[in-house]
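Subject: Handover of a structure, with findings

Dear colleague,

Please find below the structure that I am handing over to you. My notes on what was found in it follow directly after.

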Amino acid sequence: MDSVHLPRRLLLAGLGSAAVATVTGCESRGATSATPRPTTTARPSRAPRGGEAALRRKIASLLVVGFRGDRVSDGDWIVKAVRGGLGGVILFDQDLETKSARNIRSPQQVTRLVKTLKDASPGRLIVSIDQEGGRTSRLNPSNGFPATKSQAEIGAENSPAATRDWAQGLVASLTRIGVNLNYAPVVDLNINPDSRAIGKLGRSFSADPDVVVSNATEEIQAHRAAGVKTVLKHFPGSGSAAGNTDFEVVDVSDTWQERELEPFQRLIRAGLADSVMAAHLLNKQLDPDYPASLSTATVTDLLRGRLGWHGPVVSDDMQAVAITDRFGAAEAVALALQAGLDLLVFANQQVYNPRVVEETVDTIMNLVRTGRVSENRIDQSVARVDSLRPQR
């Protein structure tokens, strides 16, 4: 089994500037520090290649957004955003604020909803969902879909045949309605069974990396067979987290263990990763200042450099309290892109903002104008995210 041993000096230094220099596609110009920091002097900006409208569309293609409604029409903001090049949508069964049904009431209804959105898209729209199994299943008996076992139940059984059947059942519900990206599997080790984010919800296959990797492998292969992309989460490991980053800042500095990297590393080396989600966790063993999702040391130096991942890195909810309370929405977006993230997800659950696409595109356009993020960096993310899009 591959073990990941990071000497403490490398953990604390973010693997150093040498790793940064060798990683393809990172935004490292002008800085070799472990973490991105706001620049005080802007570099001269150049006119966007192809004009501002083309750049805005490229930026919009890097966003996945949640919305309210079990049906949509031409005048709805989400349809306008999709027509304007929005990269994708994320579906939810329940609305966090209103406590009512959001996008999913029945298989027939949500299939129509997805078709309407895909028809409105000029490109290959990402339609995404959290369908992990068990309690974290947006498609469930309350809206007409089969009940599913949790990852914890599957891991406890630890039977390749049983896992394969379970995964094929998950995927059948996804393909039935037109979903093409699933934020699964969870490959966090169940370090803390009392974790409110992972352990208590049955979201981890096991505390044993072998069990996690073998079951995740079956799940990923079932998705791939049906043309559905997956997301390994939550890098660099949230199995020891006591809290939930959606609602609070979560610090795993004293509880995180290096072995939590092992499932990510092994699945990446086996060619089984479609994308990796960066967690909003603060882990001072890796970066003393920034949560993983906003950390160059964690995303560029460790994930891309040490673990060799060159595909798309996906954010957790960019409206999560764990980052917005400390950094604010605009600065969190800037730091995420500088850290090396590619696909930014806005669930529109913590807050509901029908202008989130327009405002985020404006934010990133300004980052390009002022030189904090280059257009080449945007192009790199567009190329990576395109690998997640469905085939026509």
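In this predicted model, glutamate 52 and arginine 369 form a salt bridge through their side chains, with an N to O distance of 3.3 Å. Glutamate 52 belongs to helix H3 (residues 52-60) and arginine 369 to helix H13 (residues 356-370), so the salt bridge ties together parts that lie 317 residues apart in sequence. Glutamate 52 has a relative accessibility of 40% and therefore counts as partly exposed. Arginine 369, at 37%, is likewise classed as partly exposed.

A salt bridge also joins the side chains of aspartate 362 and arginine 56, at 2.8 Å from N to O. Here too distant parts of the chain are linked: aspartate 362 sits in helix H13 and arginine 56 in helix H3, 306 residues apart. Aspartate 362 is partly exposed, with a relative accessibility of 33%, and arginine 56 is partly exposed at 27%.

The next pair has another setting. Are aspartate 95 and arginine 102 buried or exposed? Both residues are buried, and they form a salt bridge in which the closest N and O atoms are 2.9 Å apart. Elsewhere, Asp130, Glu132, Arg138, Arg203 and Lys233 are joined into one network by salt bridges that share partners. In total, the structure holds 27 salt bridges. As general background, side chains of opposite charge can pair when their charged atoms come close.

I turn now to the backbone. Most residues other than glycine have a negative phi, and most peptide bonds are trans. Against that background, four places deserve to be listed:

- The peptide bond from lysine 233 to histidine 234 is cis, its omega being near 5 degrees; histidine 234 is placed in strand S8 (residues 232-235).
- A cis peptide bond also leads from phenylalanine 235 to proline 236, with omega near 10 degrees; proline 236 is located in the loop between S8 and helix H9 (262-269).
- Lysine 99, which is not a glycine, has a positive phi near 65 degrees. This residue lies in the loop between strand S2 (88-91) and helix H5 (107-120), and it is exposed, with a relative accessible area of 62%.
- Asparagine 348, again not a glycine, has a positive phi of about 60 degrees. Its position is in the loop between strand S11 (343-346) and H13, where asparagine 348 is buried, with a relative accessible area of 1%.

As to the sheet, in what order do its strands stand? The order is S7-S6-S3-S2-S1-S11-S10-S9-S8; these 9 strands form an open sheet with parallel pairing. Strand S7 (229-230) and S8 are at the edges and have a single partner strand each, so one side of each is left without a neighbour in the sheet. Helix H9 packs on the sheet, where it touches S8 and strand S9 (276-278), and its direction makes about 140 degrees with that of S8. Within the sheet, strand S3 (residues 126-129) and strand S6 (residues 181-182) run parallel and are joined by 2 bridges. Isoleucine 129 stands opposite asparagine 182 in S6.

One further residue may be worth examining on the display, namely glutamine 151, which is found in helix H6 (residues 151-157). Which residues does glutamine 151 contact, leaving aside its neighbours within four places in sequence? They are Glu132, Trp166, Pro185, Val186, Gly202, Arg203, Ser204, Phe205 and Glu219. Glutamine 151 is buried, with a relative accessible area of 1%. Two of the residues it contacts, Glu132 and Arg203, also belong to the salt-bridge network described above.

Finally, some values for the protein as a whole. The protein contains 14 helices and 11 strands. Of its 392 residues, 59% are buried. Among contacts between residues at least 6 apart in sequence, 78% join residues at least 24 apart. The accessible surface comes to about 15,100 Å², and carbon and sulfur atoms account for 50% of that area.

With kind regards

Key:
Residues are numbered from 1 along each chain as its sequence is written. This is a predicted model: local features need pLDDT of at least 70, side-chain atom pairs count only at pLDDT 80 or more; totals for chains, interfaces and linings use all residues. Side-chain values use heavy atoms; hydrogens and water are left out. A salt bridge is a side-chain nitrogen of Lys or Arg within 4 Å of a carboxyl oxygen of Asp or Glu. Helices (H or I, at least four residues) and strands (E, at least two) are DSSP runs, numbered from the N terminus. Buried means under 20% relative accessible area, exposed over 50%, partly exposed in between (1.4 Å probe, protein chains only). Two strands pair if DSSP finds at least two bridges between them. Contact means heavy atoms within 4.5 Å. Axes are lines fitted to C-alpha atoms, for helices over the stretch in contact, and angles run from 0 to 180 degrees between N-to-C directions. Accessible areas come from the Shrake-Rupley method with a 1.4 Å probe; for residues, only the protein chains shown count as cover.
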